[in-house]
Amino acid sequence: MEKVDLCYKCKKNKVSGKGADFSFVHLGMQIKIFKWSGLCNECAKAEWIEGFERDAKEFIEVVDGKPKVNWQRYREHFNTGEFYGQRERLHSLLKDMGILSYEAKGNWEIVADGPIGLNPRSEVSYLYFTRQEDVMEFANLKYCNTLYPWEIRHIDEVIPRKEVIKNPVY
Ligand SMILES: [Zn+2]
């Protein structure tokens, strides 16, 4: 007989046992998350909303399903490094909300001479802005007094190494 796994949290709903992408709507916003195996859709959604309320809500105003980030407040709150853990969790939530991304293609970056990327970084990755309004405001607030030059770039095309190197020489 096939073994049926139940969600480890609610112990009611069946789960597939495999991680998967999962989308839902919260406050009119389309949220996309990666759901770990063992957790049902309802519990995954509830967990995300709990995290949003705790770590993100104070920085975000949602109008007609469109999230607006208060980067001024972000800057003040995370200035000292004291709330490093919350900053990491907020970055992850902003990624789920489609505001930040690990993907360069089609997204925005602040670049100083060098070139050196000035976008936010998470523990695991460098992050790109998906919306022009966010990168403009973030740059204005954080880098307005720098003595070095920088600019904002939109990344149109990204070709991965394996597509560039057709005949690798070992
Ligand atoms: Zn559950």
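What percentage of the 170 residues in the chain is buried? The share is 19%. This is a predicted model.

## Overall architecture

The chain holds five helices and nine strands. From start to end of the sequence, the order is β-β-α-β-β-α-α-β-β-β-β-α-β-α.

Along the principal axes, the C-alpha atoms fill a box of roughly 65 × 50 × 30 Å. Take the contacts in the chain with a separation of 6 or more: 55% of them join residues 24 or more positions apart.

## Backbone exceptions

Most residues other than glycine have a negative phi, and most peptide bonds are trans. The residues below depart from those patterns in phi or in the peptide bond.

L27 sits in the loop between β1 (20-26) and β2 (29-35). L27 is not a glycine, yet its phi is positive, at about 55 degrees. L27 has 15 other C-beta atoms within 10 Å, so this residue is partly exposed.

## A second loop, and a cis bond

D64 belongs to the loop between β3 (60-63) and β4 (66-69). D64 also is not a glycine and has a positive phi, about 50 degrees. Is D64 buried or exposed? D64 counts as exposed, because it has 7 C-beta neighbours inside 10 Å and the cut-off for exposed is 12 or fewer.

The peptide bond from G114 to P115 is cis. Its omega is near 0 degrees. P115 lies in the loop that links β6 (108-112) and β7 (116-117).

Note on methods:
Residues numbered from 1 in each chain as written. Predicted model: local features only at pLDDT ≥ 70, side-chain atom pairs only at ≥ 80, totals over all residues. Helix = DSSP H or I, 4+ residues; strand = E, 2+ residues; numbered from the N terminus. Buried ≥ 20, exposed ≤ 12 C-beta atoms within 10 Å, placed from the backbone. Contact = placed C-beta atoms within 7 Å.
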